[in-house]
There are 2 protein chains.
Amino acid sequence: MTKTIKEIAGETGVSITTVRLIISGQAEKYRISAKTRALVEDYVALHGYVLHHAARSLKLKRTDAVGLIVPDLANPFFARLMAAMERHCRSQNLVLVSASTNDDPALEMRAIDNFLARGVDGLVVAPCQPPTYKSVLNRKPKLAMVLVDRDYPQDRFPAVASDNVESGMALARQMFSDAGAEPVDFFCAYTALPSIRDRITGFSEIASEQGWADWERLVHSAAEDSVASGRLLMRNFITARGAPPRAFMTSSLLVLEGVMQEVKSALGAIPEDLLIGTFDDHAMLDFLPNRIYSVVQDEKTLAALAFASISEQMAGRAVEASHMTVPSRIVRRN
Amino acid sequence: MTKTIKEIAGETGVSITTVRLIISGQAEKYRISAKTRALVEDYVALHGYVLHHAARSLKLKRTDAVGLIVPDLANPFFARLMAAMERHCRSQNLVLVSASTNDDPALEMRAIDNFLARGVDGLVVAPCQPPTYKSVLNRKPKLAMVLVDRDYPQDRFPAVASDNVESGMALARQMFSDAGAEPVDFFCAYTALPSIRDRITGFSEIASEQGWADWERLVHSAAEDSVASGRLLMRNFITARGAPPRAFMTSSLLVLEGVMQEVKSALGAIPEDLLIGTFDDHAMLDFLPNRIYSVVQDEKTLAALAFASISEQMAGRAVEASHMTVPSRIVRRN
DNA sequence: TTGAAAGCGCTAACAT
DNA sequence: ATGTTAGCGCTTTCAA
């Protein structure tokens, strides 16, 4: 079992303060004599010592922990975001504690309460509802907090998200350009999300610009982001028009999967000249022979900005409730 | 700011003990009078109270936190494992804290030390080296600990992993059966891993059984699990034989990606009659027209077993250092 | 049915 | 250059 400072002091006959000074590497600074220093250091080398974080936290009112709350930790986007966050935390000797909300506002509140009780110094949340965390602010007014990915309109917290309007425009631009005179349909799900709305805004902008005044007819939307939604939307499309579109884009890989399954089952295979666009990327899109554009979000920069904001706040510097935007990249295959 | 028990006691004129009894829902049990109870409850309803976990931990020598240490949190397998772990933790009012080791033994040791200092009650680790955590056991002999995914031979800790030998056999059986008289090559990477070795063992078993006494010539291996490894292995194959194999399997999706890229660049496209097998699964394998078998690991059960073991140990019940095995499933497409 | 007090391991302020 | 002490918020005896 590991020793406490007090025990070390007792067993070496040195005072608690001195031990602490030596252990915390401040021996020089306080000019501890070489022998007492050696005495303590040898003892520690022999018996070991590990800082008791709970005790330290109790005293310092600080836990050196930051919380991350997202809808789903298994979702690749959030998994990458979390991995990047964890790297930042590790580099500053912070630990990352995380929780999924399953897109349930009640779970989200529970998670926030829980992390607050555990005294996290910072909180990064991808909210599943427009955030009004007034109770949070009441209880711990100086909690460092930042919103990621889902930038609901609000002006209390800094937020960082991808440039969804711009990337929506960029993707649509590529699609319409390659499609020539053909229309480009947009299958999108989870329209309650600000990011999805922004993507639609971007799409509509370009569609109008390309002369599709009735762009609303090109947008097919569903409430829930899932493979089932993708299937449903494409099935409805095929039923109405008799055939799949020649060019389309989707709001997520899940929707793409559903849409593709339906195309495959309608046509027996994916036509090689089908023009595809999608938000989010996966290496296996390589396997398709089609021309396909995908939008890849920059989780590293998202995490870096979120962490920077948290750090600022934890350092006591006030941070304005800005809405930061991170550029996405478009990848083209074939 | 949230009140402490002491403050509540002071401001309601009740004793600390009484407040605590009421707050912790033991009013009935200790027959606190209705009025004192109402008094305190009203006060709490008005001003709020949140348990201070650090203080509680200091007293109880318990943090209600469990740590998860894996090579890479962004890896879909580990991300799913972690999401499942987090659900279990949440259901028991534990928090999950996690860290990546980037497959670096030094980082792994640091992570373990760190989590130990933070006093996690349980530790789940997917080690990147044969685990000899003697220092760990010295310092906190009663730490609940379990190994996942990478079941290095050892007899100190319980371990839970997929049935790699069996699923290797199952996959190979399907492949050889579909391949007829053709050979089935196995491209595999990260051979230092017990799981990979087991998969090779499974493969070799079936290959021999099928009359391929020289099965070692069918196995092409690389040290590092990456797309680059896949490319390299396939490039070497093509250079040596003049063409890609007609049937092959890979040890991971990364290797599959690399292998496929190389086939594509050699042949211009993926032949539709190429027979493919791979460990790990992804929905987008749907997009290929080929017959393809994939092995899907059961992260939920892996997490459930790991968590159960941790729970047992945390409850003080001794657990033997068993090696638990979780069946994988084989998916066939086209 | 309620209260008082000790102590978990650490830090910081204040002595020497 | 080194020592003493109080106290963070909680739980747990032990008393009344």
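**Notebook: cavity, DNA surfaces and sheets**

I began with empty space and found that the largest cavity holds about 360 Å³. I take a cavity to be a set of points, on a 1 Å grid over the protein atoms alone, where a 1.4 Å probe fits but cannot get out; grid points are joined across faces, edges and corners, and the volume is the space filled by probe spheres set on the points. The structure has one cavity of 30 Å³ or more.

I note that this is a predicted model, in which local features need pLDDT of at least 70 and side-chain atom pairs count only at pLDDT 80 or more, while totals for chains, interfaces and linings use all residues. Residues are numbered from 1 along each chain as its sequence is written, chains are lettered from A and ligands numbered from 1 in the order in which they are written, and side-chain values use heavy atoms, with hydrogens and water left out.

**Cavity lining**

I looked up the 19 residues that line the largest cavity, and those closest to its centre are A:Thr63, A:Ala65, A:Arg118, B:Thr63 and B:Arg118; a lining residue has an atom within 4 Å of a point. Helix 4 and strand 2 (95-100) of chain A, together with helix 4 and strand 2 (95-100) of chain B, each give two or more residues to this lining. Helices here are DSSP runs of H or I with at least four residues, strands are runs of E with at least two, and both are numbered from the N terminus. By kind, the lining divides into eleven nonpolar, six polar and two charged residues, where Ala, Val, Leu, Ile, Met, Phe, Trp, Tyr, Cys and Pro count as nonpolar, Asp, Glu, Lys and Arg as charged, and the others, Gly among them, as polar.

**DNA strand D**

I then turned to the 22 residues around DNA strand D, of which A:Ser15, A:Thr17, A:Arg31, B:Arg20 and B:Tyr49 come nearest; a residue is near a strand if one of its heavy atoms lies within 4 Å of it. Among the polar contacts, which are pairs of N or O atoms within 3.5 Å (within protein, one must be able to donate a hydrogen and the other to accept it, and residues adjacent in sequence count only if both atoms are side-chain atoms), I found a backbone N or O atom of A:Arg31 at 2.2 Å from a sugar or linking oxygen. A polar side-chain atom of B:Tyr49 lies 2.5 Å from a phosphate oxygen of this strand. Helix 4 of chain B gives the most to the surface near strand D, with four residues.

**DNA strand C**

For DNA strand C I found 23 residues around it, the nearest being A:Tyr49, B:Ser15, B:Thr17, B:Arg31 and B:Ile32. The side chain of A:Tyr49 has an N or O atom 2.6 Å from a phosphate oxygen of strand C, whereas the side chain of A:Lys59 brings an N or O atom to 3.3 Å from a base oxygen. Helix 4 of chain A supplies the largest share of this surface, four residues.

**Sheets**

Last, I followed an open sheet of twelve strands with mixed pairing, in the order 11(A)-5(A)-4(A)-3(A)-1(A)-2(A)-2(B)-1(B)-3(B)-4(B)-5(B)-11(B); two strands pair if DSSP finds at least two bridges between them. Its edge strands are strand 11 (323-326) of chain A and strand 11 (323-326) of chain B, each pairing on one side only. In chain B, strand 5 (residues 159-162) and strand 11 pair in the parallel sense over four bridges, and B:Ala161 has B:Thr325 as its bridge partner.

How values were computed
1 Å grid on protein atoms, 1.4 Å probe; cavity = no way out; pocket = protein on both sides within 12 Å on 5 of 7 lines; lining within 4 Å.
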